Amino acid sequence: MEKIVIIDDEYSICTSLQFALEDQYDVKAFTEPLEALQEIHSEPYDLCLLDLKLGQINGLEVLKQIKKIQPNLIVIIMTAYGTIETSVEAIKLGAYTYLTKPLHMESLFVTIGQALQFKKLQQQVDELTEELSQKYGIDSIIGHSPSMERVFHLVKKVKDIDTNVLISGESGTGKELVARAIHFSGARKKGPFEAINCAAIPEHLLESELFGFEKGAFTGAVQKKEGKFLVAQNGTVFLDEIGDMPLSLQAKLLRVLQQKEITPLGSNKKYPLNVRIIAATNQNLKQAVEEGRFREDLYFRLNIIEISLPPLRERKNDLPLLVQHFIQQFNQKYDKQVEGITSEAFERLMRYSYPGNVRELSNILEAAVIMCDKNRIQVHDLPHQFQEVSMQSMWPEGKQLSIFDQLVGYKIEEVEKELILATLKANNGHRRKTAEMLGISERGLRNKLNQYSEVRI
C-alpha cells in the first residue's frame, strides 16, 4: 500500500483528507510542518499533499526541505491562494502539480493515481538506467594494461562534463564501447544515447538522419521525422567514423556545434539543442585535414579531448582477461560449459597479430566455444588459420617475415621466456650449457625456470 503524508495547518482538512484516502492508502496527517519533516526524515513516503500557506510558514520553503530529505517524493501543492507565479515556482522547485481549494475529491483521486503511476514509471526508468550503467559503464571495458589504464583515466575525467570527445583507434578496438561508457557512467546517463555510423549511410540520407525533416521536405517525405540530434536531447550523440562524413555535411555539423541549435530539412524553425557530441574515427584526421578531406575548424571543435585506443597487438597482456570474458559470454549465449583454454591453444592466440582487434578475437572465441566438445578449448577448436604451427600463417598473406618480425606483439619477458626454453631444448635439458650459451648464471637460469613453471593459463 502506497504511503501518503498530508501537511495542512487546518485540522479539519487533515482529518477529512485522511478519512477519504485511508481506504486505499497508508495515510498520516500533520498540522505542524516541523513534525511532518521529522516524519519524512525517518520514514519513506510515496506522495505528499502540501498546503502552500501553513500559518506563518511558506509551503514553498517546506517543499524545498522535503526535496532535500526525499528527492523522489511526489509533492502535490494545495492552496486557496493560488496564482500563476506560485504555481510556476512550485513546479520549478519539484512539485508534481498544483491544486486549488476547495478540493474536488474525484479530481484529487485521479491526480494522486496519475502521480503514483508517474513515480512507478520513473523508478522503472531509474532501474533500467542502472542496468545500462552496469552493462555499458567503465567496468564493461576489459583490460589492465598501462595503455588501457590511461583510457580508463580519461573516461573518468570526461564522463561528467559536456566537452566534446574524439575517440580514435583501429576498427574493432572498442570505440563505441568507450563512448557508451562515457555516457552511461556520466551525468547524462538518464538521457538517450543515439549512435550513427557516418560511413554506412549515403550522404543524402545521412543529413536527414542527423537533422530530421518536415513532411514534404523532399520526395518521399510523407511524414515528419525527428533527427538523431533532437531524439538525443539531454543525452549523447555518437558520430562513428566521423572521418567519412562528406565535406558539405561537415559544414552543417560545424554550424550545429557552434550555434547549439538545429533546423530540420524543409523547416524554418530552429530548435535549441542540449546534447553532448562524442565522435570516433579509425582514420588519421590530422592527415585528412592536410589533404583537404576534413575541415580543420570541425576537427578542432570535435577534438577537445582525444582518447586513443591501442590495437590489441600492443596490449597482449590483456589477452587472458579478454579470453576468459568472451568464453563466459559465449557460454551463456550458447548454453555451454567451457571452463577455459589449453596452454597450446592460448599460445596460438598470443602469437596472432589481430588485424581486426578485439572484435576479431570475439569472433574467434565465439567459433571456438561453439566447436569445443571438452571442458577447455583445444587448438583444433580454433579457426583454420590457427591450425598451422608456422608463424607465417599468423600474419597477412604474402608478407615475408624475418626472425624479428615474428616477435612483434610479444612483451620482452615473453621473448625472454621463449628464448630460454628454446635454448634449453636445443641443449637437451642441460642447464649448465644453456646458461653458458645465454650468458647467465646457472642460478639465474634456475630461478627463471622456476618462475615459468608457476605460470598457468
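Begin by selecting K101 and D51, whose side chains meet in a salt bridge with N and O 3.3 Å apart; a salt bridge here is a side-chain nitrogen of Lys or Arg within 4 Å of a carboxyl oxygen of Asp or Glu. The pair links distant parts of the chain, 50 residues apart: K101 is in the loop between strand 7 (97–100) and helix 5 (105–136), and D51 is in strand 3. K101 is buried, at 19% relative accessible area, and D51 is buried as well, at 4%. Buried means under 20% relative accessible area, exposed over 50%, and partly exposed in between, with a 1.4 Å probe and protein chains only. Add D8 to the selection: D8, D51 and K101 are linked in a network of salt bridges.

The model is predicted: local features need pLDDT of at least 70, side-chain atom pairs count only at pLDDT 80 or more, and totals for chains, interfaces and linings use all residues. Residues are numbered from 1 along each chain as its sequence is written, and side-chain values use heavy atoms, with hydrogens and water left out.

**The whole chain**

Zoom out to the full protein chain, which has 18 helices and 18 strands. These elements are DSSP runs numbered from the N terminus, helices being H or I of at least four residues and strands E of at least two. The C-alpha atoms fill a box of roughly 100 × 55 × 40 Å along the principal axes. The radius of gyration is 32 Å, whereas a compact globule of 457 residues would have one near 23 Å; the radius is taken over C-alpha atoms, and the globule rule is 2.2 Å times the number of residues to the power 0.38. Of the 457 residues, 44% are buried. Among contacts between residues at least 6 apart in sequence, 68% join residues at least 24 apart, a contact being heavy atoms within 4.5 Å.

**From K101 to H104**

Return to the loop between strand 7 and helix 5 and select H104. H104 is exposed, with a relative accessible area of 59%. Then add K157: the C-alpha atoms of H104 and K157 are separated by 52 Å, although the two residues are 53 apart along the chain.

**Further salt bridges**

The chain has 22 salt bridges in total. Select K3 and E43, whose closest N and O atoms are 3.3 Å apart in one of these pairs. K3 lies in strand 1 (residues 3–7) and E43 in the loop between helix 2 (33–42) and strand 3 (47–51), so the salt bridge ties together parts that are 40 residues apart in sequence. E43 is partly exposed, at 33% relative accessibility.

Next, display E291 and R293, whose side chains form a salt bridge at 2.8 Å, N to O. E291 is partly exposed at 46%, and R293 is partly exposed at 37%.

**The nonpolar cores**

Which residues have the most contacts inside the largest nonpolar core? They are L210, F229, L239, I242 and F294, within a core of 31 residues. A nonpolar core is a set of buried Ala, Val, Leu, Ile, Met, Phe, Trp, Tyr and Cys residues joined through side-chain atoms within 4.5 Å. Among the elements that each supply at least two residues are helix 8 (203–211), strand 12 (236–240) and helix 10 (247–259). Helix 10 gives the most, with 5 residues.

Centre the view on L210 and show its neighbours: leaving aside residues up to four places away in sequence, L210 touches I196, G227, K228, F229, L239, M245, L249 and I262.

A second, separate core has 27 residues, including A345, L349, L361 and L382. From there, select helix 14 (residues 343–351), where A345, F346, R348, L349 and M350 are buried. The cover over these buried residues includes helix 13, strand 17 (340–341), helix 15 (357–371), strand 18 (376–377) and helix 16 (412–426).

**Helix 7**

Select residues 175–184, which form helix 7; 8 of its 10 residues are buried. Those buried include K175, R180 and H183 as well as V178, I182 and F184.

**A nonpolar patch**

End at Y334, in helix 13 (residues 319–334). Y334 is partly exposed, with a relative accessible area of 30%. Together with I370 and M371, Y334 makes a nonpolar surface patch of about 270 Å². Patches are made of residues with over 30% relative accessible area and no salt bridge, like charges being joined within 9 Å and nonpolar side chains (Val, Leu, Ile, Met, Phe, Trp, Tyr) within 5 Å. Accessible areas come from the Shrake-Rupley method with a 1.4 Å probe, and for residues only the protein chains shown count as cover.
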